[in-house]
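Student: Please give me a close look at a single part of this model, namely the pairing of its strands, and then connect that part with what surrounds it. I would like one continuous answer, with each term explained where it comes up.

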Amino acid sequence: MNFLLETLELVFLSIYYILETCLRFFIRARRKNVTGEVVLITGAGSGIGRLIALEFAGLGVSLVLWDINQEGNKETARLAREKGVATVHSYLCDCSDKAEVYRVADQVKRDIGDVSILINNAGIVTGKKFMDAPDSLIEKTIEVNTMSHFWTCKAFLPAMMANNHGHLICIASSAGLIGVNGLADYCASKFAAVGFAESVALELLATGKDGVKTTIVCPYFVNTGMFDGCGPNVLPILDPDYVANKIVDAILTNQAYLLLPRSLYFLMALKSILPDKLTVQLGMYFGAFQFMDAFQGRAKKAQ
Ligand SMILES: NC(=O)c1ccc[n+]([C@@H]2O[C@H](COP(=O)([O-])OP(=O)(O)OC[C@H]3O[C@@H](n4cnc5c(N)ncnc54)[C@H](O)[C@@H]3O)[C@@H](O)[C@H]2O)c1
């Protein structure tokens, strides 16, 4: 193709994609049929992971649930059966442990077959200022929130690529787009998860594997208990059922990015264009600097 044709094509596609995005505000995109797909969710034993499993339960998929919390995982499986899922298997798997991921992945392939929808959801937070956080907890945060995505993708992407069919989902966070005072290790792990997922998505496109879809999810804080005690909130804290519903909708409509709430798209644009001193001032004004001061999280709450 010559330069003129390529430029005309770019102009045409630019207009088309902008119009398509505008129309999406008014017209719902068509949902794909996931009957028969094998959906693996890490961190399915509670919170958002459990709710995503329950959203999928009525859609004709086989569910594969991974967690270090065996009891929670079994409870998710029980609830999914109640909701009518045909097949559900739960596995004890520490997805921060590469060898364990590969071992349990092989077991899944023997038990059920290839995974076609992989949801990297497991996550932890230390909730300590960087200089107060023990090295072991910092390492664990990176291992669970980031490195586990590498190992699950290594295990399950080859089959998706071979079939040119599947979906890879990264549950990151708004803290993977904007730094937060008191969340250095968590933010670093989520920024890395976003960078990894975005790059793998491009690698899939560049190698012609456009049948393997990708979705990156960045929610603001969600009322699951993970960030209990934190505040004040710049944006309203999100309802877990709403978040799970939006995530599954984004998967079924092959949405590449999901930022929740919608005002996050606007905040991201502001972050890119406003003077840095002003963004700091705005953060101070809205109390974002104190957000982690009263952090309790799950552990302390349970004590
Ligand atoms: N809650 C929020 O405010 C919020 C906001 C944005 C993003 N997120 C992200 O959403 C995801 C789910 O969070 P949640 O709020 O449901 O938290 P949650 O604590 O309810 O669930 C996390 C699950 O991951 C499991 N898990 C932890 N370490 C694991 C490991 N090594 N291997 C396997 N499973 C492991 C836990 O047992 C738990 O069941 C996390 O990645 C989190 O970072 C949460």
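Tutor: Two strands are taken to pair if DSSP finds at least two bridges between them, and the strands themselves (E, at least two residues), like the helices (H or I, at least four residues), are DSSP runs numbered from the N terminus. The model is predicted, and for that reason local features are reported at pLDDT of at least 70 and side-chain atom pairs at pLDDT 80 or more, while totals for chains, interfaces and linings use all residues. Residues are numbered from 1 along each chain as its sequence is written.

The part you ask about is an open sheet of 7 strands, in which the pairing is parallel and the order reads β3-β2-β1-β4-β5-β6-β7. At its edges stand β3 (87-92) and β7 (257-260), each of which pairs on one side only. From one strand to the next, the twist averages 15°; the angles here run from 0 to 180 degrees between N-to-C directions, with axes that are lines fitted to C-alpha atoms, for helices over the stretch in contact.

Let us begin with β1 (residues 38-42), which pairs with β2 (62-67) in the parallel sense over 5 bridges. Along this pairing, L40 has V64 of β2 as its bridge partner, and I41 stands opposite L65 of the same strand, β2. In a regular strand the side chains alternate between the two faces of the sheet. In β2, S62, V64 and W66 point one way, L63, L65 and D67 point the other way, and all of them are buried, a word that requires 20 or more other C-beta atoms within 10 Å of a residue's own, with 12 or fewer making it exposed, anything in between partly exposed, and the C-beta atoms placed from the backbone. The strand β2 is accordingly described as mostly covered, with 6 of its 6 residues buried.

The UniProt record, in an unreviewed entry, annotates residues 6-27 and 39-66 as "transmembrane region"; its positions are given in the numbering used here, its feature names are shortened, and such annotations may be inferred rather than shown by experiment. In the model, the span 39-66 is 39% helix and 32% strand, and its end C-alpha atoms lie 11 Å apart. Residues 6-27, by contrast, are 82% helix and 0% strand, with end C-alpha atoms 30 Å apart.

The strand β2 also takes part in the shell around the ligand, to which it and α2 (47-57) each supply at least two residues, where a residue is near a molecule or strand if its C-beta atom, placed from the backbone, lies within 6 Å of it. The largest share of this shell, 3 residues, is from α2. Of the 30 residues around the ligand, those that come nearest are G43, G47, G123, S173 and T224.

Towards the other end of the strand order, β6 (212-219) pairs with β7 in the parallel sense over 4 bridges, and V217 has L258 of β7 as its bridge partner. The edge strand β7 has a covered face, made by L258 and L260, and an uncovered one, made by Y257 and L259. Helix α6 (residues 184-206) lies across β5 (166-171) and β6, and runs at about 160° to β6.

Several loops beside these strands have unusual backbone features, given that most residues other than glycine have a negative phi, and most peptide bonds are trans. N164, in the loop between α5 (135-163) and β5, has a positive phi of about 45° although it is not a glycine, and it counts as partly exposed because it has 13 C-beta neighbours inside 10 Å. N254 lies in the loop between α7 and β7 and has a positive phi near 50°; with 14 C-beta neighbours inside 10 Å, N254 is therefore partly exposed. After β7, a cis peptide bond with omega of about -5° joins L260 and P261, and P261 has its place in the loop between β7 and α8 (263-273).

P261 leads back to β6, since the loop between β6 and α7 (240-252) holds I237, and the C-alpha atoms of I237 and P261 are 9.1 Å apart although 24 residues separate the two in sequence. I237 itself is partly exposed because 13 C-beta neighbours lie inside 10 Å. Leaving aside neighbours within four places in sequence, I237 is in contact with F221 and N223, contact being a distance within 7 Å between C-beta atoms placed from the backbone.

Terms used
Two residues are in contact if their C-beta atoms, placed from the backbone, lie within 7 Å.
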